[in-house]
Amino acid sequence: MAAPDSEKSRLDDAARAGWLYYIAGHTQDEIAKRLSVSRATAQRLVSLCLSERLITFRLEHPIAACMELAKRLKDVYGLRYCEVAPDLGEDGLPLRALGHAGATFLKREIERGDNRVIGLGHGRTLAAAVQYMPRVAARDVRFVSLLGGLTRNYGANPYDVMHRIAEKTGTQAFVMPVPFFANTAEDRAVLRAQRGVKEVFDLANKADLKLVGLGTVDAAAQLVLSGMIEPGEIEDIAAAGGVGEILGHFLDATGQVLETALTGRTLSASFPQKRTERLVALAGGHGKVEAIRAILNSHRLFGLITDERTARSLLD
């Protein structure tokens, strides 16, 4: 019989603490800070790892391989934070693995109490993360959308997460009541000038943590399927060398941001200029490997949350 979720979560935490203590060589104070728990809890988790025989000469838990992959990704791409979710055997987009990993990260960041404003993108993976996240008291945290939440024709985005995060946390969540891409640069200027919109953009740009999804540049891109942009527009970007998208910015394989016909019409928070800004991407799946690698090559991500198969492909 499968272990209850609470027991599985407890053993997962014990495995992380054990890996950090016995393999990575961190002190219990460092582990407490890394896992956002008290020193006493960190000590109990390390002891639990040993008593449950999760560790002998090596860590006997699937999370160990994932933590090793995360360490390698951090080293190769210069990330400050990386989380690799264990493979759950999903076909196609690993929504369950990514959703649970994203939910755990978001819950931990809320409970830390260090973030006054958390910015969120939209898309299937972020929607899954908010769906799997339990209800949690957010205290003084506010949430803000990092992207325009409407389609070009002002239809609702089916993967917008702001109303759901407000329900889960009981706190304020500010939406961007504008399209992701305006019809023209002039329309963008008009929309940005609307009362209340500028304040939301300012809040988004100053968010302490920004958690976003990543997009591909092909006919199956979520931007196309959700009606944010036209198929012909994505084809032009692909022809110009675009392979990945983040916050409405399109990048080539080397990580360079491209000037496209959409650049002057994008309604989103600014793309960080350096990796010290806490921009974390939640993305994975075979179809997104090229796009994720392009974003990693930009050297602007603070962190990445991905799945085991994708991590191995990125390292290959």
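Which helix is Asp 29 found in? The answer opens the first of these close-up views, which are taken from a predicted model.

**View 1. Asp 29 sits in helix 2.** Helix 2 covers residues 28-35, and Asp 29 belongs to this run. With a relative accessible area of 48%, Asp 29 is partly exposed. Look also for Gln 43, which is 14 residues from Asp 29 along the chain. The C-alpha atoms of Asp 29 and Gln 43 are separated by 9.0 Å.

**View 2. Helix 5 and helix 6 cross at roughly 60°.** Here we bring together helix 5, made of residues 95-112, and helix 6, made of residues 124-132. Their axes come within 7 Å. The two helices are therefore oblique to each other, and their crossing is right-handed. On the helix 5 side, the contact is made by Leu 95, Arg 96, Leu 98, Gly 99, His 100, Gly 102, Ala 103 and Leu 106. Helix 6 meets them with Arg 124, Thr 125, Ala 128, Ala 129, Val 130 and Tyr 132. Sorted by character, the residues of this contact are eight nonpolar, four polar and two charged.

**View 3. Helix 6 packs with helix 7 at an angle of about 15°.** Staying with helix 6, we now turn to another of its partners, helix 7. The axes of helix 6 and helix 7 are 10 Å apart. At this angle, which is under 35 degrees, helix 6 and helix 7 are therefore roughly parallel to each other. The crossing of this pair is left-handed. Val 130, Gln 131 and Tyr 132 represent helix 6 in the contact, and they meet Arg 164, Ile 165 and Lys 168 of helix 7. The residues of this contact divide into three nonpolar, one polar and two charged.

**View 4. The buried residues of helix 6 have several packing partners.** Which residues of helix 6 are buried? They are Thr 125, Leu 126, Ala 128, Ala 129 and Val 130. These buried residues pack against two helices already met, helix 5 and helix 7 (162-169). They also pack against strand 5 (209-212) and strand 9 (279-282). Val 130 is a handy landmark when moving between views, as it appears in the contact with helix 5 and in the contact with helix 7.

**View 5. Ser 145 is a buried residue of strand 3.** Strand 3 runs over residues 142-145, with Ser 145 as part of it. Is Ser 145 buried or exposed? Its relative accessibility is 1%, so Ser 145 counts as buried. Leaving aside neighbours within four places in sequence, Ser 145 is in contact with Leu 120, Met 162, Phe 174, Val 175, Met 176 and Ala 204. For a wider frame, find Pro 231, which is 86 residues from Ser 145 in sequence. From C-alpha to C-alpha, Ser 145 and Pro 231 are 25 Å apart in space.

**View 6. Cys 49 and Cys 82 are in no disulfide.** How many disulfides does the structure hold? The count is zero. For Cys 49, the nearest cysteine sulfur is that of Cys 66, 15 Å away. Cys 49 is buried, and its relative accessible area is 0%. Cys 66 also supplies the nearest cysteine sulfur to Cys 82, at 10 Å. Cys 82 counts as buried too, at 6% relative accessibility.

Notes: Residues numbered from 1 in each chain as written. Predicted model: local features only at pLDDT ≥ 70, side-chain atom pairs only at ≥ 80, totals over all residues. Heavy atoms only, no water. Axes fitted to C-alpha atoms, helices over the stretch in contact; angles between N-to-C directions. Helix = DSSP H or I, 4+ residues; strand = E, 2+ residues; numbered from the N terminus. Parallel < 35°, antiparallel > 145°, perpendicular 65-115°, else oblique. Left-handed = near helix turned anticlockwise from the far one by under 90°. Contact = heavy atoms within 4.5 Å. Nonpolar A, V, L, I, M, F, W, Y, C, P; charged D, E, K, R; others polar. Disulfide = S-S within 2.5 Å. Buried < 20%, exposed > 50% of the residue type's maximum accessible area, 1.4 Å probe, protein only.
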